[in-house]
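The exercises below are meant to be worked with the sequence and the structure side by side. Each task is followed by a solution that goes step by step.

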Amino acid sequence: MRQPRAIPTQTRTDTPSSRSPRAFETTMAEPARDVFEASPSDLADTDVAPPPKRRSRFWRNLAFGSGGALISLGLGLAADRLVRDLFAAYDWLGWVGLGVVGVFIVALAVLTVRELMGLARLRTMDRLRDKAAAALLADDLSAAQKIVADLNGLYANRPDLARVREGLQTDAASILDGAELIMTAERALMAPLDARARALTASSARRVALVTAVAPRALIDIAFVVFESIRLARNLADLYGARPGFFGFIRLMGAIIAHLAVTGGLVLTDGVVEQLVGHGVAAKLSARLGEGVLNGLMTVRVGIAAIKLVRPLPFAARTSPVVSDFIADLGKVATDAKTQ
């Protein structure tokens, strides 16, 4: 007996190979575009805000310039009137006054030149540090050689670095790597300067801690901390070759304060002092000694900020100083003051 079999009533006109699946009847979607290959016109349509434009300093410079010109004109008219009055009284007195005015003008011109040179040296330090950081990243040999030449010119009049500079010139002739040349210059030139900078910072912090411990008034503590911080920043700037003038030093102190604000303030409580100095020592410290340690640590932070701002090379081959490097010295000062 034959098996039943289904017979189609209509003839199929399409074959399975020619039939397209229903899921693929529509065209495929375009691949997503890479955001890194977007054109500037495409980026303009996005919601990302452009970087803020720097404010123009034209009006501020114009205000300072016009104000300085008015003050100069006023001083000139006052000096002219004074000399005329002196001549009207006595001729010899007028000549003396005229000579004094001439000496004042010469001294003012010399001071102006020195201030401009001090500001230029600070800009040179910033420019050298930025160029050295870029040469380290790019491993640029030609840029590194120029930086080493600038450093040799900067410390050409330093007899304490004469032997170090000679050794650096000998080593630089055989170095063909830009980053290695920068780090070799840092190890050669910055090592003795960093050691002295650490010693200056440690001694200044010790003086602040001792004076705070024995000073009877809080006003004396504040005044001495400010004085010691200013003197420390000045000594560090002279050590690394910046040697700023009056206005250059004001600019340096503003940069130090800004650096401390960016890196965060030093907020130390009793628990933090115990962790830094030690539980045993902190338990023996009086309130005045604890304040001395805190003020000493603040002076250390000022010194570290000044080192980073006046050092002509960034920290690459050598480690940057940190507050914990000076805690042992402050702890010894505290224990010695307590035993005495």
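**Exercise 1. The overall picture**

What percentage of the 340 residues of the protein count as buried? Describe the secondary structure as well, and say how far the model can be trusted.

Solution. Start with the origin of the coordinates: this is a predicted model. Of the 340 residues, 30% count as buried. Next, list the secondary structure: the protein has twelve helices and zero strands, so that, by the definition of these elements, the pattern along the sequence is written α-α-α-α-α-α-α-α-α-α-α-α. Then turn to the contacts, where 74% of those between residues at least 6 apart in sequence join residues at least 24 apart.

Finally, consider the confidence: the mean pLDDT is 77, and 72% of the residues reach 70 or more. Over residues 20–52 the pLDDT stays under 50, and the model has two contacts beyond four places in sequence for them. Residues 279–284 also have a pLDDT below 50, with four contacts in the model beyond near neighbours in sequence. Where pLDDT is low, the predicted coordinates should not be read in detail.

**Exercise 2. The two sides of helix α4**

Check the length of helix α4 (residues 141–154) against the expected span, and find out which of its residues are buried.

Solution. First, take the length: at 1.5 Å a residue, the 14 residues of α4 should span 20 Å, and because the end C-alpha atoms are 20 Å apart, the model agrees with this expectation. Second, pick out the buried residues of α4, which are Ala-144, Ile-147, Val-148, Leu-151 and Asn-152. These residues cover an arc of only 140° around the axis, and therefore lie on the same side of α4. Third, look at the face turned away from this buried side, where the exposed residues Lys-146 and Gly-153 are carried. Last, ask what covers the buried residues of α4: the cover includes α3 (91–138), α5 (162–172) and α6 (178–214).

**Exercise 3. An arginine in a loop**

Is Arg-158 buried or exposed, and which residues is Arg-158 in contact with, leaving aside its neighbours within four places in sequence?

Solution. Begin with the location, since Arg-158 is found in the loop between α4 and α5. Its relative accessible area is 18%, and because buried means under 20%, Arg-158 is buried. Leaving aside neighbours within four places in sequence, the contacts of Arg-158 are with Arg-165, Leu-193, Arg-196, Asp-238, Leu-239 and Gly-241.

**Exercise 4. Aromatic rings**

How many aromatic pairs does a search of the whole structure find, and what is the geometry of the pair formed by Phe-87 and Trp-95?

Solution. The search finds five aromatic pairs. One of them joins Phe-87 and Trp-95, with 5.4 Å from centre to centre and 80° between the planes, an edge-to-face arrangement. As for accessibility, Phe-87 is partly exposed at 25%, while Trp-95 is exposed with a relative accessible area of 57%. For Tyr-90 and Trp-92, the ring centres are 6.3 Å apart and the planes stand at 35°, so this pair is tilted. Tyr-90 counts as exposed at 52% relative accessibility, and Trp-92 counts as exposed at 57%.

To finish, examine the charges placed over rings. The charged end of Arg-234 sits over the ring of Phe-249, 4.7 Å from the ring centre, and Arg-311 lies over the face of Phe-315, at 3.8 Å from the centre of that ring.

Methods
Residues numbered from 1 in each chain as written. Predicted model: local features only at pLDDT ≥ 70, side-chain atom pairs only at ≥ 80, totals over all residues. Heavy atoms only, no water. Helix = DSSP H or I, 4+ residues; strand = E, 2+ residues; numbered from the N terminus. Expected span 1.5 Å × (residues − 1). Buried < 20%, exposed > 50% of the residue type's maximum accessible area, 1.4 Å probe, protein only. Arc of directions from axis to C-beta. Contact = heavy atoms within 4.5 Å. pLDDT = per-residue confidence, 0-100. Phe/Tyr/Trp six-rings, centres within 6.5 Å; stacked < 30°, edge-to-face > 60°. Lys NZ or Arg CZ within 6 Å of the ring centre and 35° of its normal.
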